[in-house]
Amino acid sequence: MNEIGLAGLGSTLASLMFLWAVAGKYFPFNLEDLLRRRFVKFTYRFYPYIHVSFPEFTGEHLKRSEAYSAIESYLMSTSTSKARSLRAELGKDSSNLVFSMGYSDEVTDDFDGGRVRVWWSSTKSESKTPTFSIRPAPQEHRFFKLTFHHRHRDTVMERYLKHVLESGKAALIKNQQRRLYTNNPNRDYDYRMLNWSHVIFEHPASFDTLAMHPDKKREIIEDLKAFKAGKEYYARIGKAWKRGYLLYGPPGTGKSTMIAAMANYLDYDIYDLELTAVKDNSALRKLLIETTGKSIIVIEDIDCSLDLSGNRKKKEEKTEEEKQKESLTGKPKEEASKVTLSGLLNFIDGLWSACGGERIIVFTTNYVEKLDPALIRRGRMDKHIELSYCNFEGFKVFAKNYLGIENHMLFETIQRLLGEVQITPADVAESLMTKTSSRGVVEDANACLEDLIQALEKAKEDATIRAVEKAKEDAIASKEEVEDGPNVEKQQSGEFCKNEKASD
């Protein structure tokens with residue numbers, strides 16, 4: 001093409017661009033969008049494939065999509081054998097690598113005996129527009145794209161995607177590390193902070209290592225097993241799929257260990273809710289919404305977390321120094337939580353408790369008698385579990401786990417002392433660990449048992465001394481009551497005579 005032809009082509013293009021701009025300015029509709037839609041509709045007549053996108057983050061608060069997570073987990077097995085680009089991450093217990101499909105790659109998947117073939121691709125794009133959401137949006141948008149022939153539309157929509165989500169969720173639970181969440185106390189002062197932060201949950205407690213009577217332990221396990229398999233049952237009776245547990249007993253009796261054993265048995269995450277860090281009932285509801293299913297929501301020492309009786313202390317007046325400090329930092333002094341008993345009851349048993357499913361709510365307390373009966377009644381705290389002082393059955397569990405023995409000549413003495421003395425499982429465990437070497441090997445089981453016997457005898461002596469002192473105090477108090485009795489009667493009699501004379 002000569003120079004004259006090039007000049008003519010450039011002039012033609014310039015004219016078309018000018019006409020396009022004029023048309024876009026004077027026509028009452030967007031001509032560009034109209035032509036694009038017509039072009040897409042025209043090409044679909046000759047392009048038989050359908051595309052479905054699954055973004056990673058969705059919703060108002062940009063929560064990670066459960067569908068995206070399930071698809072990612074499902075594709076891990078397919079990606080390892082077919083994809084050319086892989087991403088590697090540490091899997092459950094950080095013991096092995098888990099591979100997933102890399103970005104800008106594509107794998108095929110066959111379904112229904114090979115009669116249906118689909119294509120999965122993973123894509124990411126950088127965020128170019130600023131966001132003004134309360135929670136900042138991620139800088140890159142990731143999504144999976146599913147492509148299939150239009151003749152398989154019904155099969156893919158009705159059966160294949162259901163198969164992918166169910167298989168993916170099952171694999172996700174199997175491979176995902178359990179997490180321990182806690183609510184962030186400074187969420188109100190920093191909008192960029194998430195409501196929950198987490199660490200990997202690696203507590204080794206299990207029901208096998210729990211020092212408890214076998215019958216009681218078996219009862220708890222059966223209850224947890226029935227709850228985990230009770231989705232259809234709860235739906236049939238019209239109740240939210242949740243269950244409440246109240247763990248009560250003296251300090252050191254294993255309440256926190258019991259929660260860890262429950263989480264490990266069910267393979268659930270734990271949300272450790274600190275009520276004193278929750279601003280009000282509205283903030284409590286927001287925290288509940290962001291908890292996931294298959295989780296245990298824990299409020300430890302519920303009797304100390306808040307004054308739920310309604311008799312709150314009056315707020316102290318702020319000093320001039322505190323006011324000046326607030327004006328300089330711009331951050332107000334941490335105020336007492338305004339969570340009320342009714343707000344907490346709605347959290348565990350109201351409409352908001354039905355947000356999601358398969359949740360267990362656990363309260364712990366050292367003093368069950370201090371709790372409001374409305375808080376712990378059946379239907380809210382469905383199962384009450386008392387964790388008391390160590391008995392001989394619990395000691396045998398410790399002896400087997402700590403010392404590797406199931407019988408010993410000192411067991412009879414220990415059994416007799418445990419029947420006479422109240423000692424916590426934590427104290428028993430500490431006595432059995434005193435002769436363990438730095439390599440974790442028990443050097444002398446006999447010495448460990450003798451240490452325990454000494455601790456039990458010392459506890460027995462202390463209990464006897466306390467009983468004698470209490471008896472003396474009671475005797476003195478009783479004597480004072482007897483001596484004060486006639487004086488009180490004389491005083492009352494004198495007051496009666498005075499009143500009689502005054503009336504005369």
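**Exercise 1. Describe how far apart in sequence the contacting residues of the chain are, then give its secondary structure and buried share.**

Step 1. Take contacts (heavy atoms within 4.5 Å) between residues at least 6 apart in sequence: 68% of them join residues at least 24 apart.

Step 2. Note the source. The model is predicted, local features need pLDDT of at least 70, side-chain atom pairs count only at pLDDT 80 or more, and totals for chains, interfaces and linings use all residues. Residues are numbered from 1 along each chain as its sequence is written, and side-chain values use heavy atoms, with hydrogens and water left out.

Step 3. List the elements. The chain has 16 helices and 15 strands; these are DSSP runs numbered from the N terminus (helices H or I, at least four residues; strands E, at least two).

Step 4. Turn to burial. Of the 504 residues, 34% are buried (under 20% relative accessible area, 1.4 Å probe, protein chains only; exposed is over 50%, partly exposed in between).

**Exercise 2. Work out the strand order of the open sheet and find its edges.**

Step 1. Read the order: S10-S9-S12-S13-S14-S11-S15, seven strands with mixed pairing. Two strands pair if DSSP finds at least two bridges between them.

Step 2. Find the edges. S10 (196-200) and S15 (383-386) each have a single partner strand, so one side of each lacks a neighbour in the sheet.

Step 3. Check one pair. S9 (residues 179-183) runs antiparallel to S10, with five bridges. Trp196 in S10 is the bridge partner of Asn183.

Step 4. Add a helix. H7 (residues 255-266) packs on the sheet and touches S11, S12, S13 and S14. Its direction makes about 170° with that of S14. Axes are lines fitted to C-alpha atoms, for helices over the stretch in contact, and angles run from 0 to 180 degrees between N-to-C directions.

**Exercise 3. Describe the packing of H5 against H7.**

Step 1. Two packed helices are described by the angle between their axes and the distance between the axes.

Step 2. The axes of H5 (residues 214-228) and H7 come within 11 Å and cross at roughly 45°.

Step 3. That makes H5 oblique to H7 (under 35 degrees is roughly parallel, over 145 roughly antiparallel, 65 to 115 roughly perpendicular, the rest oblique).

Step 4. Name the residues. H5 uses Ile220, Ile221, Leu224, Lys225 and Lys228. H7 uses Met258, Met262, Tyr265 and Leu266.

**Exercise 4. Locate Glu56 and state its burial.**

Step 1. Glu56 sits in the loop between S1 (49-55) and S2 (57-58).

Step 2. Its relative accessible area is 2%, so Glu56 is buried.
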